[in-house]
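Hi,

Here is the structure I promised to pass on. Have a look at it first, and then read my notes below.

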Amino acid sequence: NRMLNQIEIKTQERDRAEIELKNLNDLLEERVRVRTQELAHANKLLSLYNESQKTILENLPYGLMLINQKQQIIEINQPALDLLGYQKDELQNTKCSLLGCNGNSTNCLLYSDELNQISHEIQLRKKNGDLVTALKNDSPIIYNNETIILETFVDISQLKETEKELIKAKQKAEESDRLKSSFLSNISHEIRTPLNSIIGFSQLLSITNEFSLQDRSKYQSLIRNGADELLALIDDIIDISELESSQCNIRKSNLKLNLLIDNIRQKTETIRKIYNKEYLATQYNIAPDLKDLTILTDQKRFTQIIMNLVSNALKFTENGSINISFKRMEENELLFKIKDTGIGIDSKYHAHVFERFFKIESGKNKLYRGSGLGLAISAGLVELLGGKIWLESEAGIGTTFFVILPIDSKPIITRQRAISLITDAINE
């Protein structure tokens, strides 16, 4: 009996164990099923997260790259590829130096002992070799248990161009303000001086008749000179305004060059008297082949260019001479030079002499009058006529202005020359 009881107890224990084992197995299967469902859900969420992350990265408004410690590009987004002109497989695992990133301790974390964020401008090289200005930001991050560089950059080329335009606009505004101040300073002085002469001597002549005929003639001449100066100043202001507003008209006609030169001689003598420079030698060198020449040009502007340069030479020359020469360069080009032995111009000022209101004083004890418009007007008229103007000068030695103007030329056939040609033809 005892043995039977023991067998029965063992059987019952076995049954209970089987039941417990079955229950545990069922519980395990349930847990596995639940965990499987949870894992599938987690994988689905992770996939969605990765897709969302990728979508975000690919739609960022700036380029993004991940660079490892070997300076290799391990990840790059589409905006960066679009900016640089590459395909992804062309840059994956390549050196970032391919893009022109010549790193150093000041502009790249890979070369720095301190892993701090760095921002700076950089010139990135595109696939076609062009350079693009970008604002780059480097930040250290942990990726797969490794410290790498998260690099973002945005194209600022357009911003840099805008910045340049703003700087130019600022400089232009400052230059305009400077020119306005210079204009007011120069013009107020240039107007006041001849006006004082006109008003003063006019009042003097009106007060009394006791002046001799010679004195009266002298004062009247001073009044006329003052009026001429004012008229010339007004003409200069009108000319520079017309040139800057593209309203200056050119009226060409056929002119005898020798008559133009004679007119220039007469005007030069008048200016010599005004400047009290009659003691200066004035020389003319005219090439022989120019004396019987008719040219097509604007008489007023042609003469104005030369006389502005001659006037300038006389004004700044105290001793020596003025040399005016004319020479034919090409078939339809005329070169004339105005050379003086005056104060000269330092080379640092050569680029500015044709600017409006630009003036150079020889020293504190010498003041040269003038509006500062003559050379600017001459340069503008030369350009309008399709020519070129430049200078050679050395301080203390003198200055030479060169002007080349295009001309449609033909020889003058005088009556005597025509008779001679006809006679020769008959004799032949």
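A word on terms before the helices: axes are lines fitted to C-alpha atoms, for helices over the stretch in contact, and angles run from 0 to 180 degrees between N-to-C directions. Helices (H or I, at least four residues) and strands (E, at least two) are DSSP runs, numbered from the N terminus.

This is a predicted model, where local features need pLDDT of at least 70 and side-chain atom pairs count only at pLDDT 80 or more, while totals for chains, interfaces and linings use all residues. Residues are numbered from 1 along each chain as its sequence is written, and side-chain values use heavy atoms, with hydrogens and water left out.

Now the helix pair. Helix H6 (residues 257-274) and helix H7 (residues 299-315) have axes that come within 10 Å and cross at roughly 35°. Among the residues making the contact (heavy atoms within 4.5 Å) are Leu 257 and Ile 264 of H6, and Phe 302 and Ile 306 of H7.

Leu 257 and Phe 302 turn up again in the largest nonpolar core, which has 47 residues, as two of those with the most contacts inside it. Such a core is a set of buried Ala, Val, Leu, Ile, Met, Phe, Trp, Tyr and Cys residues joined through side-chain atoms within 4.5 Å; buried means under 20% relative accessible area (1.4 Å probe, protein chains only). H7 gives the most to this core, with eight residues. Another core, of 18 residues, lies apart from it and includes Val 132 and Ala 134.

Ala 134 also belongs to strand E4, where it is the bridge partner of Ile 122.

Enjoy exploring!

Technical notes: Two strands pair if DSSP finds at least two bridges between them. Buried means under 20% relative accessible area, exposed over 50%, partly exposed in between (1.4 Å probe, protein chains only).
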